[in-house]
Every structure is written in C-alpha cells, then in structure tokens.
Amino acid sequence: MLAVLAAVCFLLSQPVCCVFQTLYCTISDSCDCDFRPDMRDLEWDLYRNVYGQHLAQDIVSEEVASFLQNKSPDRPLVLSFHGSSGTGKTLVSSMLAKHLYSSGLSSPYIHQFIPTLHFPLPNRSDLESWVKGNLTECARSVFIFDEMEKIPPGIIDVLEPFLGPSHVVFRTNYRKAIYVFISTTGEKVINQLALDFRQAGREREEIRLADLQDAVAQAVYNSSSSGFYHSSIIQQKLITRFVPFLPLCRRHVERCARWQLCQQGWCWRNDVVEAVGGDMIYTPDEGRYFSTTGCKAVPAKINLFL
C-alpha cells in the first residue's frame with residue numbers, strides 16, 4: 001500500500017500527496033504513520049522535567065537530533081544510561097519514546113525489555129529472534145533494555161551484529177533503530193566524581209562527559225555484575241554514548257516532590273515539599289549531599305505527609 005502511495009505522490013503535487021498520506025494513516029497504524037518525532041517537545045520535556053542531569057539532557061537531545069537528521073545513518077543510535085536508582089534513567093527513556101511516536105510508550109514499535117520478565121532463563125536465540133522480528137516489522141523500532149545488571153554476561157552480545165554497520169536483516173534498514181540500555185552499573189564512579197566536585201567547592205554543572213565517559217565504560221566492561229561484562233559490544237565500540245546520571249541533592253528531590261504535588265493539584269503545599277526533602281536519607285554521613293534513592297521514594301513520602 002505504501003509503495004503505491006509513494007508512486008502516486010511522485011506523480012502528483014505535494015499537497016495531493018499529503019492528502020493521500022493522511023488518508024492512509026487514518027486507517028493504518030503502520031510504523032511510518034506512528035513515527036512522528038518531535039525534537040522541540042523532547043528538548044522542552046528534558047530541560048523542564050528532568051532535575052540535576054545536565055549531562056543526560058545535553059547528550060540525549062544532541063545525539064537524538066543528530067541521528068534523526070541523518071536520513072541514511074551508517075549504524076543505529078545506541079545509548080547506555082548509567083547511575084544510581086531514582087536519578088531519572090527510566091524517566092528519560094520514556095520521554096524519548098513519548099516524543100518519537102505519536103502513541104508514545106503504547107506504540108507497538110517501542111519495545112521494553114525487562115530480563116526477569118521477558119527472558120527469565122538465559123537464551124541468546126530468543127533475544128536474537130525477538131529483535132530481528134521487530135526490526136523486520138519496523139526499521140524505526142526503539143528497544144529499551146532495563147535492569148542490564150540482571151542480564152547474565154554474554155547474552156547481550158547476540159545484538160552485536162545489529163549494532164554495527166555491516167549486518168542486514170531481511171533487507172530492512174536496521175540502522176534506523178534506537179537502542180537504550182539502562183543500568184545502575186557504574187554508579188560508584190559517577191557518584192565519587194560528583195562527591196569530589198562537591199568537596200572541592202565546584203558546581204556539579206562543571207562536570208563534563210569527558211570526565212566520565214571512559215571511566216564509566218571501563219567500570220561497565222569490568223564489572224562481573226554487568227550485562228556488558230567483557231562484552232564484544234564495548235570492545236567493538238558500538239555504544240554511541242555512555243550517559244552518566246549524577247546523584248541528586250536535596251534541592252532536586254524537592255523539585256521532584258513539587259512536580260508530583262502539582263500533578264495532584266497541591267502545588268501550594270510547601271510544607272510537604274520541605275518534609276519530603278528532610279525525610280530522605282543522604283550520603284555521605286559527613287555532609288549528607290546526595291539522596292541515596294534519588295527521587296524514587298518521593299511519591300510514597302508525599303502520601304505520608306499529605
């Protein structure tokens with residue numbers, strides 16, 4: 001059907017082409033119809049609703065924009081998110097999906113992978129078949145792999161052919177796909193650098209990707225609890241960017257609390273915001289700079305103090 005429309009569009013004027021495309025998409029939920037990237041809204045969402053993560057905001061917005069501008073990329077976009085629990089890794093991945101497809105996370109072309117749920121037993125062939133089948137269905141597929149630290153080492157390497165520049169999947173341009181890996185592995189390296197900056201009296205915004213990129217890659221590659229332990233994917237440098245998520249301070253936690261309260265119509269409850277911020281556990285003992293759970297416990301704390 002799309003091939004016929006393409007031929008018609010070539011022969012007819014642009015306005016008529018748009019009419020045919022619009023008509024087709026009213027009766028189809030195809031990949032081409034659902035894929036509606038909105039970089040402006042993605043950037044707005046990232047910079048307005050993600051707190052304390054200047055590196056993730058900049059890297060994700062820049063890499064996604066650059067990737068989408070290339071009509072014929074030589075390889076997929078592969079982002080690996082690393083940091084402590086509650087720092088925004090899952091939130092950013094959901095924002096990415098939301099602003100790439102008109103139906104957001106409910107799109108059939110957004111694929112979320114949770115090891116303990118989808119593949120409780122290590123099986124490389126199941127994972128390979130799953131990815132290949134989805135790529136065949138839609139070249140613009142987005143794959144989100146959560147809890148990478150729970151994937152047994154070696155399993156994820158089955159994806160290596162899909163991430164490089166040479167593999168072909170049933171004549172599908174698999175190079176237009178996006179992969180997001182999410183893990184807490186590497187958090188010690190990230191948190192230590194953030195602490196070093198804080199104790200030196202430097203602003204966290206001074207931290208640059210160059211300060212962490214290689215250190216995070218080495219930590220992920222050498223950690224036996226990482227799904228990327230001694231992975232050929234890292235050896236072959238197939239990760240576009242390692243994205244560090246910094247530990248959150250009390251002011252970031254309180255911003256999370258205020259956002260949650262506003263969602264419930266309680267924006268004016270400054271007392272609850274302060275109570276939530278004060279009730280969190282912070283580390284290290286001397287200084288109490290960073291929340292041990294980021295913003296993860298904020299909803300439960302709000303329910304406690306409302």
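The protein chain here folds into 15 helices and seven strands. Keep in mind that this is a predicted model. Let's start with the whole chain and then drop in on some individual residues.

**The chain as a whole**

Of the 306 residues in the protein chain, 48% are buried. The accessible surface of the chain adds up to about 15300 Å², and carbon and sulfur atoms account for 53% of that. What about contacts between parts of the chain that are separated in sequence? Take the contacts between residues at least 6 apart in sequence: 73% of them join residues at least 24 apart.

**The largest pocket**

Now for some empty space. Rolling a probe the size of a water molecule over the atoms shows where such space is left. The largest pocket has a volume of about 820 Å³. Its lining takes in 30 residues, and Gly86, Gly88, Lys89, Thr90 and Leu91 are the ones that lie nearest the centre of the pocket. Several elements give two or more residues to this lining: helix 4 (39-49), helix 6, strand 4 (178-183), helix 13 (250-263) and helix 15 (298-305). Which element gives the largest share of the lining? That is helix 6, with six residues. Sorted by class, the lining has 12 nonpolar, 10 polar and eight charged residues.

**Ser107 and Leu246, two loop residues**

Helix 6 (89-100) also helps us find Ser107, which sits in the loop between that helix and strand 2 (110-113). Is Ser107 buried or exposed? Its relative accessibility is 3%, so Ser107 counts as buried; the cut-off for buried is under 20%. Setting aside neighbours within four places in sequence, Ser107 is in contact with Asp34 and Tyr101. With Asp34 there is also a polar contact, side chain to side chain, at 2.7 Å.

Leu246 belongs to another loop, the one between strand 5 (241-245) and helix 13. Leu246 is buried because its relative accessible area is 0%. Which residues does Leu246 touch, not counting those up to four places away in sequence? The list is Gly52, Gln53, His54, Leu55, Thr87, Ile190, Arg204, Ile207 and Leu212. There is a nice case of folding back here too: Leu246 and Ser84 are 162 residues apart along the chain, yet their C-alpha atoms are separated by 7.7 Å.

**More pairs and places**

Glu62 is part of helix 5 (residues 54-69). This residue is exposed, as its relative accessible area is 55%, and the cut-off for exposed is over 50%. Between Glu62 and Met39 there are 9.7 Å from C-alpha to C-alpha, and the two are 23 residues apart in sequence.

Ile155 is in the loop between strand 3 and helix 9. With 14% relative accessibility, Ile155 counts as buried. The C-alpha atoms of Ile155 and Leu127 are separated by 8.2 Å, and these residues are 28 apart along the chain.

Ser232 is found in helix 12 (residues 232-235). This serine is buried, with a relative accessible area of 13%. Leaving out neighbours within four places in sequence, Ser232 is in contact with Asp157 and Glu160.

Here are the three C-alpha pairs side by side:

| Pair | Apart in sequence | C-alpha to C-alpha |
|---|---|---|
| Leu246 and Ser84 | 162 residues | 7.7 Å |
| Glu62 and Met39 | 23 residues | 9.7 Å |
| Ile155 and Leu127 | 28 residues | 8.2 Å |

**Backbone details**

A few spots have a backbone worth a look. Where is Glu147 in the chain? It lies in the loop between strand 3 (142-145) and helix 9 (160-163). Phi of Glu147 is near 50°, a positive value in a residue other than glycine. With a relative accessible area of 23%, Glu147 is partly exposed.

His230 has a phi near 50° as well, again a positive value in a residue other than glycine. You'll find His230 in the loop between helix 11 (213-222) and helix 12. His230 is partly exposed, at 41% relative accessible area.

Lastly, the peptide bond from Thr283 to Pro284 is cis, with omega near -5°. Pro284 lies in the loop between strand 6 (282-283) and strand 7 (290-291).

Definitions and conventions:
Residues are numbered from 1 along each chain as its sequence is written. This is a predicted model: local features need pLDDT of at least 70, side-chain atom pairs count only at pLDDT 80 or more; totals for chains, interfaces and linings use all residues. Side-chain values use heavy atoms; hydrogens and water are left out. Helices (H or I, at least four residues) and strands (E, at least two) are DSSP runs, numbered from the N terminus. Buried means under 20% relative accessible area, exposed over 50%, partly exposed in between (1.4 Å probe, protein chains only). A polar contact is a pair of N or O atoms within 3.5 Å; within protein, one must be able to donate a hydrogen and the other to accept it, and residues adjacent in sequence count only if both atoms are side-chain atoms. Contact means heavy atoms within 4.5 Å. Accessible areas come from the Shrake-Rupley method with a 1.4 Å probe; for residues, only the protein chains shown count as cover. On a 1 Å grid over the protein atoms alone, a cavity is a set of points where a 1.4 Å probe fits but cannot get out, and a pocket is an open set with protein on both sides within 12 Å along at least five of seven lines; lining residues have an atom within 4 Å of a point. Grid points are joined across faces, edges and corners, and a volume is the space filled by probe spheres set on the points. Ala, Val, Leu, Ile, Met, Phe, Trp, Tyr, Cys and Pro count as nonpolar, Asp, Glu, Lys and Arg as charged, and the others, Gly among them, as polar.
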